[in-house]
Amino acid sequence: MSDPVTPGRRARTREQLRPRGQTLVALVLVGILVAGALLTQGVLGERDRGTGAVGIVASGAWYCPHGGGKDWEAVISVANPGSEPVEVRARRLGPERGPGSERVRVPPGGSVELVAPATDRGSATVVEYFGGHVAAGWVARTGGDDVGISAEPCLSEAGPVWTLGDGTAEAKEEQTFVVVMNPFSGDAVFTLEVLRASDPPGNVSEWDDYVLPAGRSVAFELDEFAEGDRVLGATITSSLGRVAASTLGISKDRGVRGVIGWQGPTPSGAYLPGAGQDGDSVVTVIAPEDRSTAYAASMLGSHGSQVFAKGKEQLQRGETAQRLDIAAPDPSTIWLRGGRDRPGVFATRRTSGRTQDLGATAGAPAPGAQWIVFPSVGEAPQQPVLVVTNPGADAAEVTLTTLPREGDRVTRQLQVRPGRTVEAPTALFGPSPRAPVLVRVSDGAVVTATASYSQGKDGVAAYAVSAGAPIDPAWVADPP
């Protein structure tokens, strides 16, 4: 049984852990930790959403648990949709203390790329911003014996409760990691439980009361708990402090992928966009609560919507991870809707590209009117694709504007009919294939993602999917 590669305390099995006593010394130590946390956990905090009060300066952070490996590098794209430059500081996290920080200024209506080694499975980056608002997303480029790239938006929140999906033990030489980062100045204490299809977490091993020191990140390998199951999920519950988390999948034959987790109460459903896939999509559905749930699945494609499995609700036991194989049109968004008066579900979508590299995403729990979509391409040649889904009852008028690192912005208009998924014009990315894109809807709400190819002789060696990051309209400057 392998330990995570960071200082901390490895869990025992649940049977070994219960019952257990609490000594006076332990209570005193917990009291000291809690007192320290109250003083330190607000040092960075989540972003200020803008109260308008005199003296309040917009600031906050994005958390990027991208993972890594030998000779990997992480490319963090930071986009500024506002009208003024924003100061940004990036810090690298890992099993040991990072090498300091990097400061840059992000121009209005533009973006910057921060590139740094990500040499450990538990590598992560925190992006702090000051005097304005930005958003961030990552592309992790592999090296060593690993192949492919992974991409996702960074997380706008850290928190005490996480649900994670897209774990798998299908292939013999496939690994699934949970990457957990603690960017704060106080230690975090949490329990990580593994969810499977066959048994609830009480019958499998776990990491209990794991201590993650301040300013560190760690990777936990889940595959040893699979026991024949083809799909795995996980939950994280913190008793002290806040963390951010994602999954990292690595396969010798199918490349790499990363999927951000869900923080807080389980959402009522999920929109899982995709494009450029070759073959079926695999949807991992996580029911983290201790009672059963139900959901229905639909597909929103380029020719309209259709119901999966003849409209029947899918039933799922609590504290389990289940797999759905869905033959989805291209492009399309898979829409999972939770049943009434039942716990919600967290879902991820894994797709096969035209080559061996897999792509995966956690999508979005709901449509929105303002998004920033981050690049999902590696090195040239690059074939970026942006998709927009309209789950509403009326047509959506959408404006797409690139936020390039240099050069002029490109703007395109797009109309998306109800219940459909469409690809943006390829001319949008012409001069800047790695530019983030600002998506604005004049009436209605949409879901967005990039699903792109890059690298290799024909530009199709690496495939990745990255959902859009919803943003507050107050962050966005008026169109020029």
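**Notebook: strands, rings and one loop residue**

I began with strand β2 (residues 73-80), which is joined to strand β7 (residues 135-141) by 7 bridges, the two running antiparallel. What I have open is a predicted model. I picked one position in the pairing: Ser-77 has Gly-137 in β7 as its bridge partner.

I then looked for the sheet around these strands. It is an open sheet of 4 strands in the order β5-β2-β7-β8, and the pairing is antiparallel. Which strands stand at the edges? They are β5 (110-117) and β8 (149-153); each has a single partner strand, so one side of each is left without a neighbour in the sheet. From one strand to the next, the twist averages 15°.

**Overall counts**

I stepped back to the whole protein. I noted 2 helices and 36 strands in its secondary structure. The protein has 480 residues, and 59% of them count as buried. The exposed area is about 18,900 Å², with carbon and sulfur atoms supplying 51% of it. I also looked up how far apart in sequence the contacts reach. Among contacts with a separation of 6 or more, 80% are between residues 24 or more positions apart.

**A second open sheet**

I found another open sheet of 4 strands, in the order β13-β10-β15-β16, with antiparallel pairing. Its edges are β13 (216-221) and β16 (255-260); each pairs with a single strand, so one side of each has no neighbour in the sheet. The twist here averages 20° from one strand to the next.

Inside this sheet I followed strand β10 (residues 174-182) and strand β15 (residues 244-251), which are antiparallel and joined by 8 bridges. The position I marked was Val-179, whose bridge partner in β15 is Ser-246.

**Strand β24 and its partners**

Next I looked at strand β24 (residues 332-338), which runs antiparallel to strand β18 (residues 269-274) and is joined to it by 6 bridges. Leu-272 stands opposite Ile-334 in β24.

Strand β20 (residues 293-301) is also joined to β24, by 7 bridges, and these two run antiparallel as well. Gly-301 has Ser-332 in β24 as its bridge partner.

I kept one general point beside these entries: strands of a sheet pair through backbone hydrogen bonds, either parallel or antiparallel.

**Aromatic rings**

I searched the whole structure for aromatic pairs and got 8. For Tyr-129 and Trp-475, the ring centres are 6.5 Å apart and the planes stand at 65°, so the pair is edge-to-face; the angle needed for that label is over 60 degrees. Where in the chain do the two residues of this pair lie? Tyr-129 is in strand β6 (residues 124-130) and Trp-475 is in the segment after β36 (469-470), so far as the chain is concerned 346 residues apart. Are the two rings' residues buried or exposed? Tyr-129 counts as buried because its relative accessibility is 0%, and Trp-475 counts as buried at 5%.

I took Phe-190 and Tyr-210 as a second pair. Their ring centres are 5.7 Å apart and their planes are at 40°, so this pair is tilted. Phe-190 is in strand β11 (residues 188-196) and Tyr-210 is in strand β12 (residues 206-212), 20 residues apart. Phe-190 is buried, with a relative accessible area of 0%, and Tyr-210 is buried with 1%. Both belong to one aromatic cluster made up of Phe-190, Trp-207, Tyr-210 and Phe-220.

**Charges over rings**

I checked two arginines against rings. The charged end of Arg-337 sits over the ring of Trp-335, 4.7 Å from the ring centre. The charged end of Arg-354 sits over the ring of Tyr-453, and here the distance to the centre is 4.1 Å.

**Val-410**

My last entry is on a loop residue. Val-410 is in the loop between β30 (396-402) and β31 (411-416). Val-410 is buried because its relative accessible area is 13%, and the limit for buried is under 20%.

What does Val-410 touch, leaving aside neighbours within four places in sequence? Val-410 is in contact with Leu-400, Thr-401, Thr-402, Ala-427, Leu-428 and Pro-431. I looked up one of these contacts further: Leu-428 is 18 residues from Val-410 along the chain, and their C-alpha atoms are separated by 6.1 Å.

Conventions
Residues are numbered from 1 along each chain as its sequence is written. This is a predicted model: local features need pLDDT of at least 70, side-chain atom pairs count only at pLDDT 80 or more; totals for chains, interfaces and linings use all residues. Side-chain values use heavy atoms; hydrogens and water are left out. Rings of Phe, Tyr and Trp (its six-membered ring) pair if their centres lie within 6.5 Å; planes under 30 degrees apart count as stacked, over 60 as edge-to-face and the rest as tilted. Buried means under 20% relative accessible area, exposed over 50%, partly exposed in between (1.4 Å probe, protein chains only). A charge sits over a ring if NZ of Lys or CZ of Arg is within 6 Å of the ring centre and within 35 degrees of the ring normal. Two strands pair if DSSP finds at least two bridges between them. Axes are lines fitted to C-alpha atoms, for helices over the stretch in contact, and angles run from 0 to 180 degrees between N-to-C directions. Contact means heavy atoms within 4.5 Å. Accessible areas come from the Shrake-Rupley method with a 1.4 Å probe; for residues, only the protein chains shown count as cover.
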